[in-house]
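Got the viewer open and a selection tool ready? Follow along stop by stop, and colour things as you please.

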Amino acid sequence: MMRAPLADLPVVFDNVSLRAGGRPIVDRVSISIDPGAPTLVVGPNGAGKSTLLRLCMGLVAPSEGRVSWGGRSDVKPTRRAFVFQRPVMLRRTAAANLAYSLAQAGVAREQRPARVKKLLEQVGLSELADRPARRLSGGEQQRLALARALARDPDLLLLDEPTASLDPAATRSVEEIVRTAAQSGIKVVMASHDLGQVRRLAGNVIFLVRGALREHAAADVFLNSPSTPEAAAFVRGDLVV
Amino acid sequence: MQNGLNAWQLIATGDATLFAIVRLSLIVSLSAVAVAALVGLPLGAVLALTRFPGRGVAVVVLNAFMGLPPVVVGLAVYLLLSRSGPLGSFGILFTPQAMVIAQAILIVPIIAALSRQTIEDLWLEYRDELTAMDVGAAGRVATLLWDARLSLLTALLAGFGRAAAEVGAVMIVGGNIDGFTRTMTTTIALETSKGNLPLALGLGLVLIALVVMINAAAWSLRAWSERQAG
């Protein structure tokens with residue numbers, strides 16, 4: 001599928017900090033997230049992965065520094081989509097959840113049914129279209145959340161540990177959807193604490209410790225010859241605090 | 001026992017006077033719920049979604065007003081609508097319209113306070129997702145009202161129950177005029193004081209049966225809707 005140029009990319013963090021109660025959650029991060037293979041954000045719990053993604057989405061504003069999308073910092077999030085670790089489904093059917101997202105993305109009413117059908121096929125939920133979304137299993141809800149994000153036809157798809165509470169089978173189908181999305185040209189940025197997932201999906205890796213950027217490298221470089229002791233310990237599976 | 005039998009006979013024979021009284025009661029209380037919903041639901045939504053100085057006070061006052069004494073509301077509406085009052089020129093004191101106004105004022109706080117709580121809880125849950133979908137203010141209110149519809153139905157029922165059961169406000173502003181502003185509750189009060197217990201008891205049974213039926217209908221709607229959309 002041919003896509004329009006990715007207007008929201010690159011996402012550039014220019015010395016960005018976010019403080020809560022004086023404590024830095026994200027600490028002076030400068031980084032450029034460019035088009036290409038998925039970027040995985042890794043690090044121990046509390047490293048600031050979720051907050052980095054929220055800054056990427058524009059859900060929170062930095063305390064200091066500047067985030068820009070395609071060179072501009074006042075871009076509304078119409079070309080971006082976010083999948084939360086525990087997505088919240090509207091109290092409607094699976095299909096209606098997708099129709100809602102399409103409506104918010106400005107898709108004309110008469111085009112929505114066909115798009116809903118296609119999105120449900122894309123995530124393998126066609127049979128569950130008329131089920132109440134909140135009655136779906138965790139894995140099904142996560143796939144529906146992905147379809148809802150893809151309904152926005154995003155340049156940038158942000159995923160906050162989408163497989164953290166899923167079993168291996170559900171994790172595999174979520175990863176398959178993410179991989180397909182990335183291959184269609186969508187820039188995927190995904191938080192994870194699972195090194196196996198990094199091996200399976202990552203083009204490059206952002207490694208955070210206590211809110212600070214420790215490493216930003218191609219996935220094979222990060223996994224095979226990390227340049228900081230913390231990253232080396234993390235890749236070995238040691239505890240990093 | 002004798003009284004109970006007479007009450008059932010009145011109901012069974014479809015007494016015309018009884019029917020007119022029941023009909024007026026339903027029209028007044030359901031109209032009051034409709035009017036109060038138009039004011040109370042948006043008011044609850046605004047209080048749930050906005051932050052302004054004095055909001056805490058507004059919420060406390062609203063919650064306290066859930067227990068407004070009907071006679072006091074009746075008196076206030078009476079003073080407003082009486083010929084020398086500020087709205088006296090409308091000439092609607094001692095009419096069903098005045099009764100609707102009094103009952104609506106009585107239940108706006110109930111509907112607004114309950115919907116404020118419901119919508120605020122739902123907003124906490126939906127906030128991240130709706131923000132990520134870039135939903136505007138009007139869209140948020142519409143989404144929350146729609147998705148909270150089952151809980152809001154309970155708020156409307158609470159309002160209806162209060163309106164249908166109260167006697168003080170409609171007595172004062174309606175005047176309990178035979179064939180014109182006489183409702184089930186005012187008739188029960190009147191007939192009891194006159195010693196006509198069969199009619200009073202019959203009406204009491206009808207009133208309770210109606211409230212149960214309306215709640216059963218709402219419960220079925222809710223159960224059906226939950227199966228449809230969770």
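What follows is a walk through a predicted model, from chain B to the contact between the chains and then into chain A.

**Stop 1: chain B as a whole**

Select chain B and show it as a cartoon. You should count 10 helices and 0 strands, so to speak in one unbroken run of α after α along the sequence. Turn the chain around: the C-alpha trace spans about 65 × 50 × 25 Å along its principal axes. Of the 230 residues here, 37% are buried. Now think about who touches whom. Taking contacts in chain B between residues at least 6 apart in sequence, 78% join residues at least 24 apart.

**Stop 2: M99(B) in helix α5**

Next, pick helix α5 of chain B, residues 96-132, and zoom to M99(B) within that helix. Is M99(B) buried or exposed? It is buried, because 31 other C-beta atoms lie within 10 Å, where 20 or more is the mark for a buried residue. Show its surroundings: beyond the residues up to four places away in sequence, M99(B) touches V28(B), V170(B), V173(B), G174(B) and T181(B). Then draw a distance from M99(B) to A32(B). The two are 67 residues apart in sequence, and their C-alpha atoms are 8.3 Å apart in space.

**Stop 3: V173(B) and the core**

Step across to V173(B). Setting aside neighbours within four places in sequence, its contacts include G74(B), V77(B), Y78(B) and L81(B), and also L93(B), A98(B), M99(B) and A102(B). Which residues touch the most other members of the largest nonpolar core? They are V41(A), A102(B), I107(B), I111(B) and V173(B), in a core of 133 residues. The largest share of this core comes from α5(B), which gives 19 residues.

**Stop 4: F94(B)**

Now select F94(B), in the loop between α4 (70-81) and α5 of chain B. F94(B) counts as partly exposed, because there are 19 C-beta neighbours inside 10 Å and a buried residue needs 20 or more. Leaving out neighbours within four places in sequence, F94(B) is in contact with G174(B), G175(B), I177(B) and T181(B). T181(B) may ring a bell: M99(B) touches T181(B) too. For another distance, try F94(B) to I172(B): 78 residues apart in sequence, 8.2 Å from C-alpha to C-alpha.

**Stop 5: where the chains meet**

Bring chain A back into view and highlight the contact. It takes 18 residues from chain A and 12 residues from chain B. Colour the chain A side by class and you get 9 nonpolar, 4 polar and 5 charged residues.

**Stop 6: the strands of β1(A)**

Stay in chain A and select strands β1 (residues 11-20) and β2 (residues 23-33), which pair in the antiparallel sense over 7 bridges. One place to look is R19(A), which stands opposite P24(A) in β2(A). The two strands form a hairpin with 2 residues between them, and G21(A) in the turn has a positive phi of about 60 degrees. Then add strand β4 (residues 64-69) of chain A, joined to β1(A) by 5 bridges, again antiparallel. F13(A) has V67(A) as its bridge partner in β4(A).

**Stop 7: helix α3 of chain A**

Select residues 112-122, helix α3 of chain A, where V116(A), L119(A) and L120(A) are buried. Look down the axis: these buried residues fall within an arc of 100 degrees, so they line one face of α3(A). On the other side, A114(A) and E121(A) are exposed. The cover over the buried residues includes α2 (94-104) and α4 of chain A. Just after the helix, look for G124(A), with a positive phi near 70 degrees.

**Stop 8: helix α5 of chain A**

Finish on residues 168-183, helix α5 of chain A. Its 16 residues reach 22 Å from first C-alpha to last, close to the 22 Å expected at 1.5 Å a residue. Which residues of α5(A) are buried? They are T171(A), V174(A), I177(A), V178(A) and A181(A). Seen down the axis, they fall within an arc of 125 degrees, so they line one face of α5(A). Flip to the face turned away from the buried side and you find the exposed residues P168(A), A169(A) and Q183(A). The buried residues of α5(A) pack against α4 (138-150), β6 (156-160), β7 (187-191) and α6 (195-201) of chain A. Last pick: G185(A), which follows α5(A) and has a positive phi near 105 degrees.

How values were computed:
Residues numbered from 1 in each chain as written. Chains lettered and ligands numbered in written order. Predicted model: local features only at pLDDT ≥ 70, side-chain atom pairs only at ≥ 80, totals over all residues. Helix = DSSP H or I, 4+ residues; strand = E, 2+ residues; numbered from the N terminus. Buried ≥ 20, exposed ≤ 12 C-beta atoms within 10 Å, placed from the backbone. Contact = placed C-beta atoms within 7 Å. Nonpolar A, V, L, I, M, F, W, Y, C, P; charged D, E, K, R; others polar. Expected span 1.5 Å × (residues − 1). Arc of directions from axis to C-beta. Pairing = 2+ DSSP bridges. Core = buried A, V, L, I, M, F, W, Y, C linked by C-beta atoms within 7 Å.
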